[in-house]
Every structure is written in structure tokens, then in C-alpha cells.
Amino acid sequence: MTLAAFLSIIAIHLLAAISPGPSFVVCLRIAAQEGFRTAAALALGFGLGAALWATAALAGLALLFELVPALFTALKLVGAAFLIWIAIQMWRHASAPLELDLAATERMTRSRAFRFGFLTFATNPKPAVFFGAVFVGLVPPGTPLPWLIAIVAAVFVNEVLWYLLVARLFSTGKARAGYARVKTAVDRSFAGLLTLFGLKIALG
């Protein structure tokens, strides 16, 4: 393992992290609905979920899925069901008005947002595929433990910083006011996107 190889692994992971997917949709919506601090807790949950997948990949996740394909199938179905459940909840509450006074209306605690972020990421097969098939292939065999720890830590930082940026952009007063005006249509569009993600995962 060299510094150049380490940086290339982290750069490739960052590109994967910023590609649109269920986590992006969930973060954007919670940032606009609940505010930056709640979305920041969500971002930490995403980061922990990514670190978990990276650790599992380095410990032999791809081999496990190859030996027990039913395990990956089960993961896909659970992940799809979780995304569709989120979509249903989003659709049901789409027409509820958004109050811009966060102090009076913030409903999701930060601890709950953290857990929700972790579950959203941990049950999503997309990172399982990336870390199990792409990411693990970038790490040279026999990489020393300190480098492996540094890689997992960098994956955590990549995910958290990216979603903190998303949270900041979409939790501003202007973004929240714009979201409030079109909340019903946006939430139902997001619900549709999450349903499509879920179906793609289940059938893919």
C-alpha cells in the first residue's frame, strides 16, 4: 500500500458516495423538513453504515456472498422493503404543512435521525455491491492493519462530509421556504423515487 494507492481508493469511494441514491434523497428531504442539526446526525449514521460495509468487505464480504447467495438475496429484499416503507410514510405525510419554526416543530430527535441514517445505509445493497465487488478489489492483498484502519476511517469521513454538505445546502432558510411551497409534490416525487430504488434493488 502506498499513499498514491490510498488516495485513489478514497477518491473512487468519494465518487461513489456522491452518486445519487436513496441516502441522498433521504438526506435532502430531512434537511429541508427537520433542519441542519437533525440532518447532520443522519449524516453521521450514514458514515457509520459506510464504515460497517467497508469493514465487512475487507473481512471477506464478497466471499461470504459467493458462498451463501441466499444471504445477499435476503439483504436485497430487506433493503427494498425498508426503502418502500420510507416511501409510503413520505407519501402519507406529503400534504402535511411544513412549519418554518423549527423550535416548535422539530419531530425527529438527533438520536433517532442517527439510527435512521445507519439503518438506511446498512440495509441498502448498493454499498454492499460497491464495497464487496469494487472497493475490496482496490485494496492490495496483505495491506497492513494501520492502512486498513485508515481506509475505513477515510470512508467514514467521506460519507459524513458529503452528506453534511447536502444537509447544509438544503437546510438554509431559502431552501426550506422553497420546499414549503412545493412540499406535497416534492415529497410524493421523492416517495416515487424511493419506491423505484426499492423495486430496482428487489428485482436487480
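M90 is placed in helix α5 of a predicted model. With a relative accessible area of 4%, M90 is buried, since the limit for a buried residue is under 20%. Neighbours within four places in sequence being left aside, M90 is in contact with R29, D187, F190, A191 and L194. Of these partners, R29 lies 61 residues from M90 in sequence, and the two C-alpha atoms are 9.4 Å apart in space. R29 is one of the buried residues of α2, and L194 falls within the range of α11, residues 183–203.

The protein as a whole contains 11 helices and zero strands. Read along the sequence, its pattern is therefore a run of helices, α-α-α-α-α-α-α-α-α-α-α. Of its 204 residues, 43% are buried. Among contacts with a separation of 6 or more, 89% join residues that are 24 or more positions apart. The accessible surface amounts to about 10,200 Å², and carbon and sulfur atoms account for 74% of that surface.

The largest nonpolar core is made up of 36 residues, and L42, F131 and L194 have the most contacts inside it. Two or more residues of this core are given by each of α2 (22–34), α3 (36–58), α5 (69–92), α7 (110–122), α8 (125–138), α9 (145–170) and α11. The largest share, 10 residues, comes from α3. Apart from this core lies another, of six residues, which include I9, I10, V139 and I151. Beyond its neighbours within four places in sequence, L42 is in contact with V26, C27, I30, A113, F114, F116 and G117. V26, C27 and I30 are among the buried residues of α2, while A113, F116 and G117 are among those of α7.

Helix α2 is largely enclosed by the rest of the structure, because 12 of its 13 residues are buried. The buried residues are P22, S23, V25, V26, C27, L28, R29, I30, A31, A32, Q33 and E34. The end C-alpha atoms of α2 are 18 Å apart, which agrees with the 18 Å that its 13 residues should span at 1.5 Å a residue. Just after α2, G35 takes a positive phi of about 105 degrees. The C-alpha atom of G35 is 9.4 Å from that of G173, although the two residues are 138 residues apart in sequence. G173 is in helix α10, residues 173–181, and counts as exposed at 55% relative accessibility, because the exposed class covers values over 50%.

Two further helices were compared with their expected spans. In α7, 13 residues should span 18 Å at 1.5 Å a residue, and the end C-alpha atoms are 18 Å apart, in agreement. Its buried residues are A113, F116, G117, T120, F121 and A122. Helix α9 has 26 residues, for which a span of 38 Å is expected at 1.5 Å a residue; the distance of 38 Å between its end C-alpha atoms agrees. Residues buried in α9 are I151, V152, A154, V155, N158, E159, V160, W162, Y163, V166 and A167. I151 of this list is also among the residues of the six-residue core.

Helix α3 also contains A56. A56 counts as partly exposed at 26% relative accessibility, a value that falls between the limits of 20% for buried and 50% for exposed residues. The C-alpha atoms of A56 and A128 are separated by 8.9 Å, and the two residues are 72 residues apart along the chain.

On the surface, L193, L196, L199 and L203 form a nonpolar patch with about 420 Å² of accessible area together. L196 is located in helix α11 (residues 183–203), and it is exposed, with a relative accessible area of 56%. An α-helix has 3.6 residues a turn, so residues three or four places apart point the same way. Helix α11 also gives two or more residues to the largest nonpolar core, in which L194 is among the residues with the most contacts.

Note on methods:
Residues are numbered from 1 along each chain as its sequence is written. This is a predicted model: local features need pLDDT of at least 70, side-chain atom pairs count only at pLDDT 80 or more; totals for chains, interfaces and linings use all residues. Side-chain values use heavy atoms; hydrogens and water are left out. Patches are made of residues with over 30% relative accessible area and no salt bridge: like charges are joined within 9 Å, nonpolar side chains (Val, Leu, Ile, Met, Phe, Trp, Tyr) within 5 Å. Accessible areas come from the Shrake-Rupley method with a 1.4 Å probe; for residues, only the protein chains shown count as cover. A salt bridge is a side-chain nitrogen of Lys or Arg within 4 Å of a carboxyl oxygen of Asp or Glu. Helices (H or I, at least four residues) and strands (E, at least two) are DSSP runs, numbered from the N terminus. Buried means under 20% relative accessible area, exposed over 50%, partly exposed in between (1.4 Å probe, protein chains only). A nonpolar core is a set of buried Ala, Val, Leu, Ile, Met, Phe, Trp, Tyr and Cys residues joined through side-chain atoms within 4.5 Å. Contact means heavy atoms within 4.5 Å. The expected span of a helix is 1.5 Å times one less than its number of residues.
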